[in-house]
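Student: I'd like a close look at one helix and its surroundings. Please start with what it packs against, then work outwards.

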Amino acid sequence: MPVDLVVLHYTGMPATEAALARLCDPASGVSAHYLIDEAGAVYRLVAESRRAWHAGIASWAGEADVNGRSIGIELANPGHEFGYVPFPEAQLDALERLLGDIRERRRIDPVRVVGHSDVAPLRKRDPGELFPWRRLAAKGLAYWPGGGEDSAEPDTERARVALTRIGYGFCEDVEGLAAVLAAFQRRFRPSCCDGRLDPETMARIGAVAHDLD
């Protein structure tokens, strides 16, 4: 199917070399189209014309076969399990160049550049709350909401409907909704990722849903 989605990841491993070895090992069952190391070197691991196995059990905008329609980009970072750190400037510069090239060639809408935790909120936290989504959005490479209220009365059902409209899956039950809320917060409210529907989170959900209507 046509590629219309980019999924950003962190490697979640202590060393880039180990991440490259795993992503290039057929026995691992995982792969990605690109990996960018901390110094900004870009490794092409799978041709864009081929499916890479980077998203796993995932869903976005009602589509469960995320691997079949996306390009996966891994950023070398130890992640939450091994000492999560900010992404280096050289790495982000390289990501911006790569994303700009992919978007130009593939005509991918900025709203279709998402994180692994967006498409797999029950399992994943990457690229995490330290990833600078607002920076990418300022350069037209991702999405960030415009204005909106600072707070809104929490309404669980309204939030569930809005999150589904934004693209999130797995919102049906209480556990799933909490995971989705945490993923949304990592993306759009990184100062607090507790999975709770407080007034600020409700307002940001409303702002995103309004922009994307």
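Tutor: Let's start with α1: its buried residues pack against the strands β2, β3 and β4. Contact here means heavy atoms within 4.5 Å, and buried means under 20% relative accessible area, with exposed over 50% and partly exposed in between (1.4 Å probe, protein chains only). Helices (H or I, at least four residues) and strands (E, at least two) are DSSP runs, numbered from the N terminus.

Before going on, keep in mind that this is a predicted model: local features need pLDDT of at least 70 and side-chain atom pairs count only at pLDDT 80 or more, while totals for chains, interfaces and linings use all residues. Residues are numbered from 1 along each chain as its sequence is written, and side-chain values use heavy atoms, with hydrogens and water left out.

Back to α1, which spans residues 16–23. T16, A19, L20 and L23 are its buried residues. They sit on the same side of α1 because they cover an arc of only 100 degrees around the axis, taking the directions from the axis to the C-beta atoms.

α1 also helps to line the largest pocket: three residues of the lining come from α1, the largest share. Both β1 and α1 supply at least two residues to that lining. In total, 25 residues line the pocket, and Y10, T11, R22, H116 and K124 lie nearest its centre. On a 1 Å grid over the protein atoms alone, a pocket is an open set of points where a 1.4 Å probe fits, with protein on both sides within 12 Å along at least five of seven lines; a cavity is a set the probe cannot get out of, and lining residues have an atom within 4 Å of a point.

The largest cavity is lined by G115, S117, D118, D126, P127, G128, W133, A183, R186 and R187. α3 and α6 (174–188) are the elements that give two or more residues to this lining, and α6 has the largest share, with three.

Now for α2, residues 89–106, where 18 residues reach 25 Å from first C-alpha to last. The buried set in α2 is made up of Q91, L92, A94, L95, E96, L98, L99 and I102. Several elements help cover these α2 residues, including β1 (5–10), β2 (34–36), β3 (42–44), β4 (70–75), β5 (113–115) and α4 (133–138). Right after α2 comes R107, which has a positive phi, near 55 degrees.

Two loops are worth a stop as well. L122 is in the one between α3 (116–119) and α4. Setting aside neighbours within four places in sequence, L122 is in contact with F170, G176 and A179. P86, by contrast, is 36 residues from L122 in sequence and 23 Å from it in space, C-alpha to C-alpha.

I57 is in the loop between β3 and β4. This residue counts as exposed because its relative accessible area is 63%. Even so, I57 touches V119, A120 and R123, not counting residues up to four places away in sequence. For the A120 pair, 63 residues apart along the chain, the C-alpha atoms are separated by 6.6 Å.

Conventions
The expected span of a helix is 1.5 Å times one less than its number of residues.
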